[in-house]
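Me: I am a first-year student and I should like a close look at how helices pack together in this model. Please take one helix as the centre of the account and explain the reasoning step by step.

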Amino acid sequence: MQGAPARPAAAPRLPATRARERSGVSVAGVATMAGSGLSNQVGAAIGSLAFPVIGPVGVVAVRQYVAAAVLLVVGRPKLRSFTWRQWWPVLLLAVVFGTMNLSLYTAVDRVGLGLAVTLEFLGPLAIALAATRRRVDACGALLATAGVVTLMRPQPSTDYLGMGLGLLAAACWASYILLNRTVGSRLPGAQGSAAAAAVSALMFLPVGIVVAVHHPPTPGAAGCAVAAGVLSSAVPYLADLFTLRRVPAPVFGLFMSVNPVLAAVVGWVLLGQGLGWPEWAGIAAVVGANAIGILTARPPQSA
């Protein structure tokens with residue numbers, strides 16, 4: 001007697017990690033990127049409170065010291081074992097890290113937070129546009145750009161130096177994304193980040209001494225600068241290092257467009273800066289662009 005027809009075999013259930021890979025970007029990667037951006041903007045808002053006492057240069061110097069202290073404890077780099085292949089991206093990352101923070105904070109002091117952050121965003125946006133091969137990614141990047149411009153509404157400025165510093169910060173941010181990915185692939189854990197932070201702190205040591213002599217910091221200003229160092233340097237630095245090992249650079253660059261949105265929300269909550277309908281429209285555009293980029297990201301190719 002012929003048996004009953006066999007049921008079609010059920011499709012094997014993918015493990016959680018394999019299922020996340022199908023989307024190209026894991027939930028943990030998105031959460032890490034969002035947390036990194038929020039920490040960065042909260043730290044910048046707190047650090048700006050110290051500008052009247054020690055200026056942008058003083059805040060950046062303290063940021064570098066705090067980042068180096070935290071990352072050296074976490075990463076514990078074995079500097080003597082580094083090869084030149086590992087050292088050169090670390091040294092470049094140290095220069096980029098310091099230049100990015102100094103140019104951005106100086107631009108904020110000269111042309112304001114809105115225009116400075118908008119100009120800096122051009123860096124990760126360039127990464128997203130340069131690496132994309134799909135129309136949906138390009139459309140998402142352009143939508144994010146429109147959202148940022150609507151959100152920040154930069155006004156014409158005659159301070160060309162400030163605008164140039166904002167563009168320099170953008171170039172540094174793009175370099176930071178690529179170099180951090182290279183460092184993360186050549187050095188285990190946070191050793192590369194710690195070494196780069198230490199080199200950058202040594203570069204700013206003379207600067208910090210000069211600022212302390214000519215503009216002695218008050219306890220409040222020092223506390224704000226230290227908080228900025230932890231929130232805007234140490235936390236995002238570690239988060240970005242591990243994120244760039246798991247998230248494609250174009251997706252990371254596009255997701256960084258959420259930083260101006262986070263800056264607006266942080267300014268609203270912490271600094272009392274209200275948001276009107278243009279700001280909310282810009283937020284919706286940026287969030288929509290990021291959602292498109294993440295949900296349509298291609299999974300990594302299998303070996």
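Reply: What follows is an account of helix H4 and its surroundings, with a few further details at the end. The model is a predicted one.

Two packed helices are described by the angle between their axes and the distance between the axes. Helix H4 covers residues 84-111, and its partner, helix H7, covers residues 160-186. Their axes come within 7 Å and cross at roughly 150°. An angle over 145 degrees counts as roughly antiparallel, and H4 and H7 are therefore roughly antiparallel to each other. As for handedness, the crossing in which H4 passes H7 is left-handed. The residues in this contact can also be sorted by class: 20 are nonpolar, 9 are polar and 3 are charged.

Helix H7 spans residues 160-186, and a cysteine numbered within that range, Cys172, has a relative accessibility of 7%. The limit for a buried residue is under 20%, so Cys172 counts as buried. Cys139, in contrast, has a relative accessibility of 52% and therefore counts as exposed. The structure holds 0 disulfides.

Helix H4 is also linked to helix H3 through an aromatic pair. The count of such pairs in the model comes to 2. One of them joins Phe51 and Tyr105, whose ring centres are 5.7 Å apart and whose planes stand at 65°. Planes over 60 degrees apart count as edge-to-face, so this pair is edge-to-face. Phe51 lies in helix H3 (residues 51-75) and Tyr105 in helix H4, so the pair ties together parts that are 54 residues apart in sequence. Both Phe51 and Tyr105 are buried.

From H3 the account may pass to another helix contact. The axes of H3 and helix H9 (residues 219-243) come within 7 Å and cross at roughly 50°. This angle is neither under 35 degrees nor within the range of 65 to 115 nor over 145, and H3 and H9 are therefore oblique to each other. Their crossing is right-handed, whereas H4 passes H7 in a left-handed crossing.

A last detail concerns a glycine in another helix. Gly282 is found in helix H12, which comprises residues 277-295. With a relative accessible area of 0%, Gly282 is buried. Gly282 and Thr150 are 132 residues apart in sequence, yet their C-alpha atoms are 5.2 Å apart in space.

Terms used: Residues are numbered from 1 along each chain as its sequence is written. This is a predicted model: local features need pLDDT of at least 70, side-chain atom pairs count only at pLDDT 80 or more; totals for chains, interfaces and linings use all residues. Side-chain values use heavy atoms; hydrogens and water are left out. Axes are lines fitted to C-alpha atoms, for helices over the stretch in contact, and angles run from 0 to 180 degrees between N-to-C directions. Helices (H or I, at least four residues) and strands (E, at least two) are DSSP runs, numbered from the N terminus. A crossing is left-handed if the near helix is turned anticlockwise from the far one by less than a right angle, and right-handed if clockwise. Ala, Val, Leu, Ile, Met, Phe, Trp, Tyr, Cys and Pro count as nonpolar, Asp, Glu, Lys and Arg as charged, and the others, Gly among them, as polar. A disulfide is a pair of cysteine sulfur atoms within 2.5 Å. Buried means under 20% relative accessible area, exposed over 50%, partly exposed in between (1.4 Å probe, protein chains only). Rings of Phe, Tyr and Trp (its six-membered ring) pair if their centres lie within 6.5 Å; planes under 30 degrees apart count as stacked, over 60 as edge-to-face and the rest as tilted.
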